[in-house]
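New to this one? Here's a quick tour, in a few stops.

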Amino acid sequence: MSDPIFVPAGIRPSDEQQTIQTTRARHLLIEANAGAAKTTTLALRIAQALHRGASPQMILALTYTAPAVQALQAQLRLIGVPAAQIAALRIHTFESFSAELLLALEGPGALQLASLEQIRPYLLRAIERAQSWPDERYPEEMAVTASSEALVEGLLQSFAVLKGGLGVEQRLGDVGLSPEMAEELGCDYFTLRVRGAFEAIRRGGHPDHPAFRFDGDACYDLARALLAEEGLATGEHSPLALGLALIVVDEMHDTNRAMFTVLKALLQHNSRAAFVGVGDRDQVIHSQAGAEAGFMREHFEQEIGQPMRLPLTASHRFGATLAQAAGLLACKPYLAAGLRATEICLLPADSHRLQAQLIARIAQEHLAQSGLQDLRLLLRRPSQSVLIERELLKLGIAYDAQGLRPFLQRREVLLVRGLQAFCSNDFSGFPDKAQRAQVLEAMMLFCGAWIDSTELRHVDAVTAQRRAIEEAASPVDGMHDFIANQVLRTASDFARPRLHAAMELLRAGGLSTFARGFMQALDPAGLARAVLVRREDITQVRDNIAQLVQVVLAEDTSVADGFQMLHALALVQSRVRGKSRVTLSSIEAAKGLEFDHVLIPHLSRGEFVGEAGAAESRNLLYVAMTRARQRLTLAFNPQAPSRFLLDAGLLPGP
Ligand SMILES: Nc1ncnc2c1ncn2[C@@H]1O[C@H](COP(=O)(O)OP(=O)(O)OP(=O)(O)O)[C@@H](O)[C@H]1O
């Protein structure tokens, strides 16, 4: 009997796509360029399985990020899979799949922590515990001179790699930790010891489930349990024996060891399931979580089996010009299917201010036309949005934000706006209660303040703060007393002199003293260092305030006028409702998605770099550029363009 073939709506599959759709190979791997229809072809493969009679519950699709889940659902809709079937499919990130499975096994109770700041106290406790262990075999290794606070960032980064790579679990066996083993794992003994203490704290809450989980922990916990065959039934009773007919993995280049362990177990316990994995090694932007393209190559071959490999040769998303530039940037061949021409526009601007003005004008023109749908501004770092947002708001342009907060709502910006409102005793810039509460929360955070109240002394610190802020934010005039009596009075010894120095400049009101002295007086990086974790976040706080100072100075009259203008912009923003066709976004939040017009600003020397290193920055630019369908605009300083523009052949070399 011939195989019934699913015929999609919306597109005509290429021969390559159809081969992948219908092949019955047990293990199939596809490495292909961005836009070469990997996700769409996975959707075709899923539709084919449904067409052959599999029920949606027999199909599991796994991705690394939540946007990739949405992208797959969108492609399933595009090719005509009914909504009810899409809803019934098992489509998850590795993390949400693992969390769901663990929930079924453990029952509720493991606290899900959402921010690095919530993890921080546990980590500080782990450092203390590890350093005071009485039977330490290598005490000289534990005599670390840096302060605990300074160690937090590096430790968390090492933990992410160890967790994703399952390094300790794989090597440890029955042997204890040693400096030699730490060296083999690429970290130091101290880190391994603290990691041990941290895990003991994390697991110590309850016999059946850990006390808390953070991002990546669900997949890690599941992988660890699988490796240790701990608490998991085996054979047909295994929680992973789901009776699957098809398992697909999108974004497979971002797979780490923990994810791969879960995948291997899934294939083992669903022996009738076919597997299709797709990825593009130039899109690895999560190496800090142990992502490795090797899981599509040697590890797969050695640990799962020899897969069939099929190609997807050409981009269906964009035309030949962009394919060529992306190919040059990533040093690989790149073809376009020739469905459309994609225009690349260069936007040179000598200053950041001019760049922001030009971008706002482009956004205005975009909204005035109807040919192109979405304009997505892709930013390397959040602070790069400040001047651009100011210009957009000045033109009254509505925009959304993805993967970053609009600058007027960033905590450090609220801190400074709150201080200025306090100095002028004018809180009219915060007309709604939720916003007033956010200002007070931000001030409490950066000032290291605590609630000193006899009424609230019986409740825990978090509840006390929530209640006190709730009460103070209700009337507009509650702000002043709260800032004076709680924030400033209980501010840490470190924060207090900085706050007073900053307020002095705000009260004086002169632009030139403000310009010269505000950053030094407030010391935003110092304030941030005391309460935030990641170095990149701390740098962002500093950069955001530096940009804020620039925005206030641009008003050119007085400090008070500058802040009035900020309040006015905030009002414009609060009126912006609904979905806009202009979106400011981090690159990470756009991965796997596509937009008619993509604009990448700040492609100047030293601006498109970050903590992660040159290779990851290059991959980020590659991901960003390849989101464009019809038009790609690249903004840069012509005196000092980014090296990447030259590498992509978009500007002539020196
Ligand atoms: N046969 C086809 N004909 C026309 N358009 C197609 C075809 N196949 C896919 N497309 C379109 O090509 C675009 C890119 O496809 P898709 O998102 O699947 O690529 P991808 O390889 O997963 O990209 P990325 O690596 O960036 O996530 C989408 O707009 C999709 O609808």
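To follow the ligand part, it helps to know the classes: Ala, Val, Leu, Ile, Met, Phe, Trp, Tyr, Cys and Pro count as nonpolar, Asp, Glu, Lys and Arg as charged, and the others, Gly among them, as polar. Bear in mind that this is a predicted model.

**Around the ligand**
- Sorted that way, the shell around the ligand has nine polar, eight nonpolar and five charged residues.
- There are 22 residues around the ligand, and the ones that come nearest are Ala37, Lys38, Thr39, Thr40 and His316.
- Two helices, H2 (38-51) and H3 (66-78), each chip in at least two residues of that shell.
- H2 gives the most, with three residues.

**Helix H12**
- H12 runs over residues 217-228, which makes 12 residues.
- From its first C-alpha to its last, H12 reaches 16 Å, close to the 16 Å expected at 1.5 Å a residue.
- Its buried residues are Asp217, Ala218, Cys219, Tyr220, Asp221, Leu222, Ala223 and Leu226.
- Right after H12 comes Glu229, which takes a positive phi of about 45°.

**A look at Ala546**
- You'll find Ala546 in helix H25, which covers residues 535-554.
- Is Ala546 buried or exposed? Ala546 is partly exposed, because 15 other C-beta atoms lie within 10 Å, while a buried residue would need 20 or more and an exposed one would have 12 or fewer.
- Ala546 and Gly80 sit 466 residues apart in sequence, and their C-alpha atoms are 50 Å apart in space.

Notes. Residues are numbered from 1 along each chain as its sequence is written. This is a predicted model: local features need pLDDT of at least 70, side-chain atom pairs count only at pLDDT 80 or more; totals for chains, interfaces and linings use all residues. Helices (H or I, at least four residues) and strands (E, at least two) are DSSP runs, numbered from the N terminus. A residue is near a molecule or strand if its C-beta atom, placed from the backbone, lies within 6 Å of it. The expected span of a helix is 1.5 Å times one less than its number of residues.
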